[in-house]
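Reader: Please take a close look at one part of this chain, and then connect it to the rest. I am a first-year student, so explain each term when it comes up.

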Amino acid sequence: MTPLLTADVFGWTVRPVRWRRARALLVVVVALGVLALHIAFDPPIECSDAAPCGPDWLNALLLGLVTAVPVVAFVSLPVTAWLAALFVTTGAIWQIEHPDLASPAWLTGADAALAVLAFVAARLAPPGPGGGAQMWAATTSHRKPPMPSTLPRYGLGWRLLAVPLTLVALAIAGVAVADQSGADDRLATAERVTAEVVAHPDEYTLEVRLPSAGPGPATARVTVNDSDEHPVGSRVAVLVARDGLYQLVSEPYNTSNWLSPAVLLAGLAAGCLARARERAAAARALFRGEQPATEVYVWALGGRVAVYATDARPGEPALVEFFALARHGSDDIRPGILFGVPAQRHWCAVAVDGELLVPRGPARSGRFAPAYGGPAPDPDLDEPAAVPDAARLPLRPEEILALRPEDVAADPETVHTHRHNRFSGYTVVVAASWPFLVILSRLLPTLPYWGAVAVTAPVTAIACLSGWRLFLRPRVSWNGAGLSVVGSIGARLLVWSDVHAIRADRHGAVTIETDHHGAGLVVTARGEHALLPRCLSGDERTGLQLSGALRLAAERAAARARERVRDVVSLPPAPVTPPAPALLYAAWLAETLLYAFVLAGLFG
C-alpha cells in the first residue's frame, strides 16, 4: 500500500469558507439588486373605493420568495435556485391577473436572469484541493473501506432545525388564513358609512367621526397603511361591522402579508433539509466505492483523530483531523490506513489496529490537532521529552522549491527586501475610514462643511497612518549576516543568532521571535487566500514564502557558523523608517475634503 508522504500533499490549496461562499454571495447581491429594481420601477399600487387594496395572497407569496432567495442562498444553493424559479413563475401569473400593474418587460427579464444565475451557481462545483490532489489521487493505491455495521443519521442537526421552522411557518400561515376568513365573514354584513377624519393618533391610525345615527360611539379608530394619505378634515368611506370592526372601504382587513414570513421560514426549512441530505450523501459515498488508501500515522485522542504523514518529523503539524463516532482504545501514535483524500472538508476514515474509525463530519485543518509527538518519554525522567518546534525544523526540499529563485540564491552578500503591496495599502487608506464616518453621520447632527472637515481630518489621518505603518513602508531586509525589521510596532537590527523562531499564519502575518517566550516583531505579507487578486498583488511574497526565505537564510548562517566559515558579510541597512510619500499626504487631503461633503450632507 502506498505510504502518504509530506511531499504528496505539499502545495494543496483549499479555499477558505469565504471563497466557498462566493457563489452564494453573488446570488445574494443579484437578488438584492433585483429587489431594488422592483421597488424603484414597479408601478405603484393605489388604493381607492372603486379598486380596494384587499388581501393579495399571490403578492405576499412573491414578497416571501424574493426575500427567501438571498437568505437561503447561504444554506443551500439548489433550493435557492428553485425558489428563484418559483418567484419568476409566480410573478408571471400575478402580472397576467393584474395587467395594469405589470412590471416592465426588461424587469421580468432580470427576474429570469436571477433564476438562471441561481441554477448555474448551484451546478458549479466548489473549489477543491487543486491539480496536485487530483494527480495524487490518480496515482495512489485505491481500496474500498470496510462498511461499518451502522452509520449515524448524518445531518441530524439540520433536520432538527428544519422541524421548528416548518411548524412556525405552518402556524403563521394557518393563523393568517383563519384570521382573514373570520374578518371577511364579519365584514360581509358590515354597514358602509361616510366618516370625517378628525385626528392622526399615529402614522398607521385614523380617528374618524361617525354619522350620529344610533346608540353607537361618535368616533372610532381605523387602522390604515399610511395616515398621511387621509388628511384631517377629509371624508372617507368606512365599513362598520356589528361587533365593532372598522375598516376603510379602500383598505379592507388584510392579513395576507403574514404569508411572506411563512414562505421565508418554509424556504429556510427546505434549505436545511437539502443541506442534511447533501451531508448524508457525501458521508455515505465514502463507503460505497473505492477510495485512495494510504499508510499514515494516527493519533487517536479520545474522539479526535489526527492524521500525520509517514515521514512526519517531531513537532510538525497534522495533515488533517476529524472527530470519530467511537473512541479508540489507545492515545499514542499508531500506524494506520487512511481512506479518502487528506484535505479540508473531505470525508476520511482511518483503520487503526483493525478498528475502523468512522467520522462524524468532514476533515478539518490539522493545525488544530497536536503536533507530531516525536520520541516516547524516557521513563527515568520525571517529565516527558519536549516536542521540537516545527518553526525551527530545517526546511524540506519541497518547501525550498516553493521559494523564489532569488531567495534561494546562496550568495550571503545579497540583500533581499520585502514590502507589502502598495495597491492594497492605498485601498486600506481609502476605505478604512468609511465605517467610522457612517457611524458619525448617524450620531452627529448636520454640520457645516468646515465643521465636517474638522471631524473627517483626524479620522482619515488615523486611516492613513495605519495604512502607512502596516502596509506601505518597507518591512524587512536580510542577507547572510542578519536582518533588519520594521515591525507593526518597533524596529530592530538583528543577527541570525538573535532570532529564536520565525512563524507564519495563513493570513500572511510573519512573527520573528527574539526570545523563548514568543516576543518579537510582526511583519505582514500576502495571505495564502487573500481577497486581492494576484494580478494586483505585484511581486509580493506570501507569508509562507517570506517565513521560508528567512528560515533558509537562518539555516545557512547557522551552518556557516558550525563550519567556522567566516564570510565577509555586513549586516543589511539599519531599519530606519523612511518618511511617508507625498502621495499619502495627497490622499489624506483628498479624502478629508471629499468625505466632508458626505458628512455635511451636500450630496444628499
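Author: R345 counts as partly exposed, at 26% relative accessibility; that class lies between buried (under 20% relative accessible area) and exposed (over 50%), with a 1.4 Å probe and protein chains only. The model is a predicted one, in which local features need pLDDT of at least 70, side-chain atom pairs count only at pLDDT 80 or more, and totals for chains, interfaces and linings use all residues. Residues are numbered from 1 along each chain as its sequence is written, and side-chain values use heavy atoms, with hydrogens and water left out.

R345 sits in the loop that joins β11 (333-339) to β12 (349-352). Its phi is positive, about 65°, although R345 is not a glycine. A second residue of this kind is D353, with a positive phi near 55° and likewise not a glycine. D353 lies in the loop between β12 and β13 (355-357). These strands belong to a chain with 17 helices and 21 strands, both being DSSP runs numbered from the N terminus (H or I, at least four residues, for helices; E, at least two, for strands).

V352, at the end of β12 (349-352), belongs to a core of 22 residues that also includes A133, W136 and V296. A nonpolar core is a set of buried Ala, Val, Leu, Ile, Met, Phe, Trp, Tyr and Cys residues joined through side-chain atoms within 4.5 Å. This core is separate from the largest one, which has 38 residues. Within the largest core, V27, V69, V72, A73, L77, L83 and L165 have the most contacts. In soluble globular proteins, nonpolar side chains tend to be buried together.

Which elements give two or more residues to the largest core? They are α3 (22-41), α4 (57-72), α5, α6 (105-123), α8 (156-188) and α9. The most comes from α9, with 8 residues.

V69, one of the residues with the most contacts in that core, touches V27, A31, T80, L83 and A84, leaving aside residues up to four places away in sequence; a contact means heavy atoms within 4.5 Å. T80 is placed in helix α5 and is buried, at 0% relative accessibility. Besides V69, T80 touches V27, V72, A73 and A118, again leaving aside residues up to four places away in sequence.

L26 offers a contrast: L26 is in helix α3 but is partly exposed, with a relative accessible area of 45%. L26 and P70 are 44 residues apart along the chain, yet their C-alpha atoms are separated by 9.5 Å.

Helix α5 (residues 77-97) also packs against helix α9 (residues 259-288), at an angle of about 145° and with the axes 8 Å apart. Such axes are lines fitted to C-alpha atoms over the stretch in contact, and angles run from 0 to 180 degrees between N-to-C directions. On the α5 side the contact is made by P78, V79 and L83. On the α9 side it is made by G267, A270, G271, A274 and E278. L83 thus appears in this contact and also among the residues with the most contacts inside the largest core.

For the whole chain, 40% of the 604 residues are buried. Among contacts between residues at least 6 apart in sequence, 72% join residues at least 24 apart.
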